[in-house]
Structures are given as C-alpha cells and as structure tokens.
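Reader: I should be grateful for a close look at one part of this model, namely the surroundings of the ligand. Please describe that part in a connected account, and then place it beside the nonpolar interior.

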Amino acid sequence: MDAILHDELGPAKILQLYAPELPLRAFVVVDNTALGPAIGGVRISPSVTIQEVRRLARTMTLKNSIAGLPHGGAKAGIVVDPHHPRMEEVFRTFARLIGSLPEYIPGPDMGCDELAMAWIHDEIGRSCGLPEEIGGLPLDKLGATGFGVAICAEVAAEAAGVTLQGARMAVQGFGNVGRAAARFLSERGAVLVAASDSGGTLHNPSGLALEPLLEAKRAGQSVTTAKGGEVLDKEAIFALDCEILIPAANPDVITAANQQQVRAKLILEGANIPVTGEAETALAERGVLVLPDFIANAGGVIMAAAEVAGRSADEAFAFIENRLRANTGEILDRSRRQAVKPRQAAASLARERVLQAMRIRPYTFPPRQR
Ligand code: NAD
C-alpha cells in the first residue's frame, strides 16, 4: 500500500473495469471532487497499473487545485497497446463502462488523441480535449502543455540562475508535450541541443534545427532519423550538458541512481512525476531547481477546463499564461521563505485549497440532493 491510499483528501473511488469481449481492462481513480467534477487523462499503455493511476489521480487533484480550476482530480488507465487495431471499440467500450460515473470528465493522456476524446464524448456526452470540428480546443495540436512549460521556464529561469536567451535545453520524450515545449522555448531564445523518444537521443551541442525533428515525428519516425546530430541511446539524454532539462515522457525516469549525472540547473517536469522523491531531494541539495509537474505541465488541464467552460483558444492561452506566471512566482517565493522544495510548497498550497473546499462541501460526488 502506498502513502496516498486513504489520506485526508482521498481517493474517493477506485474502480477496476473489465469487458471480456475485447478484452479490455481499465482502472479509474477519482481522487477528490471537493472543487468540482474531476478532470484527468486516460493513459493507454500495456503496462499501466492501478498504483500508477492512483498516484496520477492525486497529482491531478493538486494540479487542478493549484491552477484555481473548479475541478477535482481523477485519472484512468486502459491496459492496452496504443497500436491495438480496434482502438475505436476500446474507447467506446471504456466510455460505456464509465457512463455512470458523472463526476469523472476524461481527458487525453499518453496514447490518446482528440479523436479518442470525441468517441468518448459521442458515447457519454462528457470528455475534454475534443477536436475543433465539434467545438473543442485541441490542446495537443495547440501545444497548451508545452506553452505552459515555456511560461514556467520564463519565471523559474532567474531563480535557477539561467538566462533563457541562449540557454541550452534537452527534451526527453519528443511527443505532444516535448515538441511544443521545445517550440515555445525556442521562440523565447533557448537552444535545443538534444531530443529523445523511444528510439533514442539526437544530440548536437551547437543546437538542433527544430523542423527536421518535427518532420521525422510527423512521418511517424524517431528523432534519431533526422539529420544534424549524433545519435545516442535514450538514457544518455539525462547526462548531457545543458541548462534546462525537460523530462516529457514517463514517470520515475530521474532517480537516485542517475540524478548525479544531471548537469542541468533547471528541470521542468513536462511529464507527470518523472523525478522520484529521493532524486528531487538530492538534486535540490546540489542546487538544481525542479519545477514540479502540477505547475509545469498544468497548461493542458487549464485549456481543458477552459473548453469545458466554453472559452476560446485565445482566452485559454491568456488564462494559462496568467495562472502559471502567478503560480510559479508564488511557489518559488513560498519555497524560499519556508526553506522547502518547490514541490512541497506547491503541494501544501494545493492541499490547503482542497481542504478549504472540503469544509464547505464533501468530497464525495454527486453532492447530496436537497
Ligand atoms: P506522447 O505519447 O505524445 O509522447 C510521449 C513521447 O515520449 C513519445 O515521443 C515517445 O516516443 C517518448 N518516449 C516514450 N518512452 C521514452 C523513453 N524511455 N525515453 C525517451 N522518450 C520516450 O505523450 P504526451 O502527451 O507528450 O505526454 C507525455 C507526458 O506528459 C506524459 O507523462 C503525460 O502524462 C504528461 N502530460 C501530458 C499532457 C498533455 O497535454 N499531453 C499534459 C500534462 C502531462
């Protein structure tokens, strides 16, 4: 049993779902709904576990709280290969299985796209991250999360002793988040020196041109097939010389075992929980600033909430910028004043907000009928 089971915030519900006809196995964890219906992504992976989903659901509670959204936190995982030939059936079946869980609004996560969200919406009338054609704000296409990462970098750079103009960045996981973060940070003067995906790392200390990498990904290929750099294995990216490191793929990739190799001064958690607690402590002792996931990658969920509220893309970007600028500043300030890591400062602020809401209404959903 890990620490998040049944603490003062939740989880409210843990569901295991099974549809033998496909077969489909899935988990949903609704962590807390005191702030409102819970938004959280659907992770598609043959190796996703209920423990991972539980941790990610808590991250969503804290992320939505700290972003000031009227939403609680949840997460789902479907145990399937993202290249399964019957993905439409997988998503439609999953949607029907969560039809009677009105407090959960599914969003995209690894292995999902806007179309998947549209299938879910078609079945049960609720999901976010929808295609533009049906009134959605396609957060991956618009690069909402990567935009948020770049805004956080603008605010956190100074505290980390980094000048954004000319700063060298390495992006682990050149997917939706990693690509957009690289693009928006390049626009702010940072230089991409390394990018990786499941096929390996491409590295050039003088800088990689973005377009060939984007082109390789559009063609469904690894960044290592693009020209302009040396090909290394995928683990090599953590040890490369750079000022900014953006882990934007899997959880627990920077650990006690490899944190010593990290040379960056600023780590922006594009992925959820990519740095273990032990590694974060050791990095903080070495003066490396780690901006936690529930601030650094909150751009996507802020845009998703803006979509649910019927806002435009421009309004959503303005909302992301304002919230993340203010939040990053406040967290870094609290972290300095209280002499705690940014993650602790952010978590305690997020918890305070949820607990305050729980004093007003219970965290179980739907609320009592009067
Ligand atoms: P994605 O599927 O688009 O991209 C993931 C990328 O990581 C792919 O390029 C894949 O090849 C690469 N990858 C997988 N294993 C790797 C490894 N071992 N080393 C290097 N690269 C590897 O996913 P995404 O939407 O970009 O999400 C990435 C992470 O960010 C996830 O942890 C997700 O939960 C988190 N996140 C995403 C969003 C969003 O808006 N998409 C928002 C918040 C958090």
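**The ligand and its surroundings**

Author: In this predicted model, helix 4 (139–142), helix 6 (176–187) and strand 7 (191–197) each contribute at least two residues to the shell around the ligand. The ligand is surrounded by 25 residues, and the closest of them are Arg-43, Asp-109, Thr-145, Val-177 and Ala-249. Sorted by class, this shell comprises seven nonpolar, 11 polar and seven charged residues.

Two of the closest residues, Val-177 and Ala-249, approach the ligand through their backbones. An oxygen atom of the ligand lies 2.9 Å from a backbone N or O atom of Val-177, and a backbone N or O atom of Ala-249 is likewise 2.9 Å from an oxygen atom of the ligand. With Gln-172 the side chain is involved: one of its N or O atoms is 3.5 Å from a nitrogen atom of the ligand. On its own the ligand has 830 Å² of accessible area, of which the protein covers 85%.

The nonpolar interior may now be set beside this shell. The largest nonpolar core has 76 residues, and those with the most contacts inside it are Phe-174, Leu-192, Leu-213, Ile-244, Ile-246 and Leu-268. Helix 5 (residues 144–160) gives the most to this core, supplying 10 residues. Leu-268 illustrates the packing: apart from neighbours within four places in sequence, its contacts are Val-149, Cys-152, Ala-153, Ile-244, Leu-245, Ile-246, Pro-247, Leu-291 and Ala-296. A second core, separate from the largest one, has 28 residues, among them Ala-38, Val-42, Phe-94 and Ile-98.

Key
Residues numbered from 1 in each chain as written. Predicted model: local features only at pLDDT ≥ 70, side-chain atom pairs only at ≥ 80, totals over all residues. Heavy atoms only, no water. Near = heavy atom within 4 Å. Polar contact = N/O pair within 3.5 Å; in protein donor to acceptor, adjacent residues only side chain to side chain. Areas by Shrake-Rupley, 256 points an atom, 1.4 Å probe, with all protein chains shown as cover. Helix = DSSP H or I, 4+ residues; strand = E, 2+ residues; numbered from the N terminus. Nonpolar A, V, L, I, M, F, W, Y, C, P; charged D, E, K, R; others polar. Core = buried A, V, L, I, M, F, W, Y, C linked by side-chain atoms within 4.5 Å. Buried < 20%, exposed > 50% of the residue type's maximum accessible area, 1.4 Å probe, protein only. Contact = heavy atoms within 4.5 Å.
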